[in-house]
Structure formats: C-alpha cells, structure tokens
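Subject: A structure for you, with notes on cavities and charges

Hi there,

Here is the structure I promised to pass on to you. Please open it next to this email, so that you can find each residue as you read.

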Amino acid sequence: MSSDYLNEAQRQLEICNACRYCEGYCSVFPAIARNQSFTEGTISQLANLCHDCRGCYYACQYIEPHEFNLNIPKVMSEIRYETWKRHSWPRGFSSLYDRSGVMIGGLVTLTIALLLYLALNIRPESGEGFYAFISHGTMLAIFIPSFIGPLIIVYLSIQRYWISIGGGKVHMVDILSTCKSIVAMQNLAGGHGDGCNFEKKDEYTNARKWFHQATVLGFLMCFASTCSGTILHYGFDLEAPYGLFSLPKLFGVPGGIILCLGTGGLAWLKLRADTHLGRKATWGGEMAFVLLLFFVSATGLLLYAFTNSSAVEILLPIHLGSVLCFFLLLPYSKMVHGFYRIAALIKDSSEIRQTAD
C-alpha cells in the first residue's frame, strides 16, 4: 500500500479516535475506538467497513478549512482502492479498468455481442426458442468458464485480504450478524436512522439505502431465475423459453424491473454526489459497473418482451454479450466491493463479540 495514503489515513484516524463525535454514525467509528494504533491491516479493514455514506464528513468540525483538514470518506475511498488493487489479479488490467471503465465496459460488451452475433449465423441444425439461434452446448462452453474463473479470482483476492487484516476462524454467529446487517443496510441508515448524506450533503436521505436494497434484491431474483431455469432444464427436461407463470419468469421479470430501478437510481445519485469526497480516478469504473448491470437487466427484459419475434436474433447476442462482460469484469468492477465488505463485516462482528466476552 502507498506510504502516502497509509500515513494520511493514520493521521486522520488518530484525530477521529481522540474526538469520537461520530461514534454512533456507523460501524467504522466504534471499530476505530477499539484500536490503540492503526496498522496497515487495521486501516484496510476500516476502509472496507466504510459504506461511504459521508455523514461523518458533514458532521465534522475539522474539515477544510480547519488545519486538521479531515476528509474520512476520501481517505477511506483511497485505501479501499489500494486494498482491492493490491489483492486483485492481474493488477495492470484492474488499474486500467478504473481509469477507463466506461470505455472498456462499452467496448468489451460491443465486441462480445458482435462475436456472439457472428456465432448466431452458424445456426444449430435443431432447437427451439433461444436454442434455435445458439445451441445449449455452445452457451455452456462460453459461460461456465466465464462464470467460474472470475469467482476463483475473487475468492483468492478475499482470502489474501482476510489474511492481511488478521482474520481468523469464521463463526456462524458472525455470519448471521453480517447477513442481518446486509439485509437491513444498517450502515446506510446512519446512527439516527434517518439515512445518510451521500447526495444531499448535510441533509439526510434513505434514497441510497433503498436503491442499494433494490439492486441487491433484483440481482438475487435474477440469479434465482437462472438457477430455477437450470433445474427445469436438467431436472425436468423443460427447455427455455418459459411461460410468464413459470419460476424463471416469476423471478426474472420482476427481478429485472427492480434491478433496473435500483441501478438507475444509484447512477442518478452518483451524478448528484460531491466528487471531492471520493476517488475521482475510479469514478468512471464505478459508474461503468452500475450502468453495465442496468444494461444487463434492461436487455434481459427486452429479450423476454420480443421472445417470439425476429428481434431475438439481435437482442440475444447483445444480452448474452453484456452478461458475459459483467462476469469477466467482476473481479475488477465495483461489484467486488460487496465481497470485501462482507468480509469486513464478519471481521467486525468477530471483534465485537470477542470484546464483549
């Protein structure tokens, strides 16, 4: 980790630890109070525990123009970036994605869509629905490695991160506590329960919490749709496309709509947020992730709407290309923050439990 970022983080955290005005705002400040010193591992843990609600900045009496010049959201953003890039592989591509995320996301999606469109011109001899355009075997050959490979990279990254923050044996009670925090979006509610200050500065709002919850719920429903379709295909020999009242569509259609609303809302809030409280160099990569996830859900809904039309020949490769792009960029996009934050919440729960004991 860069010594400049590390030293600046230590300086600011030591001031926060002496002040403790924000101790009730989120999980970060009680965690700060449990530490007498701030090592690199401790700082990485605190940075990934931070949900970037920015309430502490607007409540702080030591921000610029005070000589202390505190900006905890920005320094936490810098450390998170350093942490993710330090543990990611390959590092060079990860940094390139953050600098030019919108361009790379768009180009990769268009390239993959073009390749898939060319593949569609080599029609299988038989097949119904989507499989009349591209065979089931071809889909498996493309997507299984593209799904498993990035997850392996993410797993290895989180494993290295867990070791670096001194994480030990994981206990079920800590996992349950973390799940409760994630479902409630506890750290986006603020210590007062009125929300955070992400897009309205010194005014509280729950908009970011709601859009985050919609994004997570929509994504999980779309994943459930894929899983149920897999079960129907292999367990009951029922091939896609499925009817409106089938499990894949009962999960997928509302899930896609909710995901569109969630990601669209997050993109809107990001445009309203104060950029000097985050890492400007990663803004493009973060926005690219949100827009890509929106595009995945939107094209999926369009594909369902035009299932029995000639538009499928165009919509299918575009949708599959965006999904493939999403999976391949998973270890380097903003999506990876969820995995790091889960690990940080588990570690925090463990520290709280050990302190209570």
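Below are notes on the cavities, the salt bridges and two buried charged residues.

Before you start, please keep in mind that this is a predicted model: local features need pLDDT of at least 70, side-chain atom pairs count only at pLDDT 80 or more, and totals for chains, interfaces and linings use all residues. Residues are numbered from 1 along each chain as its sequence is written, and side-chain values use heavy atoms, with hydrogens and water left out.

**Cavities**

Rolling a probe the size of a water molecule over the atoms shows where empty space is left. Here a cavity is a set of points, on a 1 Å grid over the protein atoms alone, where a 1.4 Å probe fits but cannot get out. Its lining residues are those with an atom within 4 Å of a point. Grid points are joined across faces, edges and corners, and the volume is the space filled by probe spheres set on the points.

How many cavities of 30 Å³ or more does a search of the whole structure find? There are 2.

The largest cavity has a volume of about 110 Å³. It is lined by 14 residues, and those closest to its centre are Cys26, Cys50, Cys53, Arg54 and Cys56. Helices α2 (28–33), α4 (55–59) and α5 (72–87) are the elements that each give two or more residues to this lining. (Helices are DSSP runs of H or I with at least four residues, numbered from the N terminus.) By class, the lining holds 9 nonpolar, 3 polar and 2 charged residues. For this count, Ala, Val, Leu, Ile, Met, Phe, Trp, Tyr, Cys and Pro are nonpolar, Asp, Glu, Lys and Arg are charged, and the others, Gly among them, are polar.

The second largest cavity holds about 30 Å³ of space. Its lining is made of Cys16, Asn17, Arg20, Glu23, Phe29, Ile32 and Ala33. Two elements, α1 (3–19) and α2, give two or more residues each to this lining, and α2 gives the most, with 3 residues. The classes here are 4 nonpolar, 1 polar and 2 charged.

Cys16, one of these lining residues, sits in helix α1. It is buried, with a relative accessible area of 12% (buried means under 20%, exposed over 50%, and partly exposed in between, using a 1.4 Å probe and protein chains only). Leaving aside neighbours within four places in sequence, Cys16 is in contact (heavy atoms within 4.5 Å) with Phe29, Ile32, Leu70 and Ile72.

**Salt bridges**

A salt bridge needs a side-chain nitrogen of Lys or Arg within 4 Å of a carboxyl oxygen of Asp or Glu. The whole structure has 10 of them.

One joins the side chains of Glu351 and Arg34, at 3.1 Å from N to O. Glu351 is in helix α14 (residues 336–356) and Arg34 in the loop between α2 and α3 (40–49), so this pair ties together parts that are 317 residues apart in sequence. Arg34 is partly exposed, at 29% relative accessibility. Arg34, Lys347, Asp348 and Glu351 are linked in a network of salt bridges.

Glu78 is worth finding too. Its side chain meets that of Lys74 at 3.5 Å, N to O; the two are 4 residues apart in helix α5, so about one helical turn separates them. Glu78 also meets Arg279, at 2.8 Å. Arg279 lies in the loop between α11 (247–272) and α12 (283–305), so this pair ties together parts that are 201 residues apart in sequence. Arg279 and Glu78 are both buried, while Lys74 is partly exposed at 28%.

**Two buried charges without a salt bridge**

Which side chain of opposite charge is nearest to Arg208? It is Asp52, 4.3 Å away, and Arg208 is buried yet has no salt bridge. (Lys and Arg count as positive, Asp and Glu as negative; His and the chain ends are not counted.) Arg208 lies in helix α10 (residues 207–236), and the residues it touches include His51, Asp52 and Cys53.

Lys209 is in helix α10 as well. It is buried without a salt bridge, and Asp194, the nearest side chain of opposite charge, is 9.9 Å away. Beyond its sequence neighbours within four places, Lys209 is in contact with Ala184, Met185, Leu188 and Ala189.

Enjoy looking around!

Key
1 Å grid on protein atoms, 1.4 Å probe; cavity = no way out; pocket = protein on both sides within 12 Å on 5 of 7 lines; lining within 4 Å.
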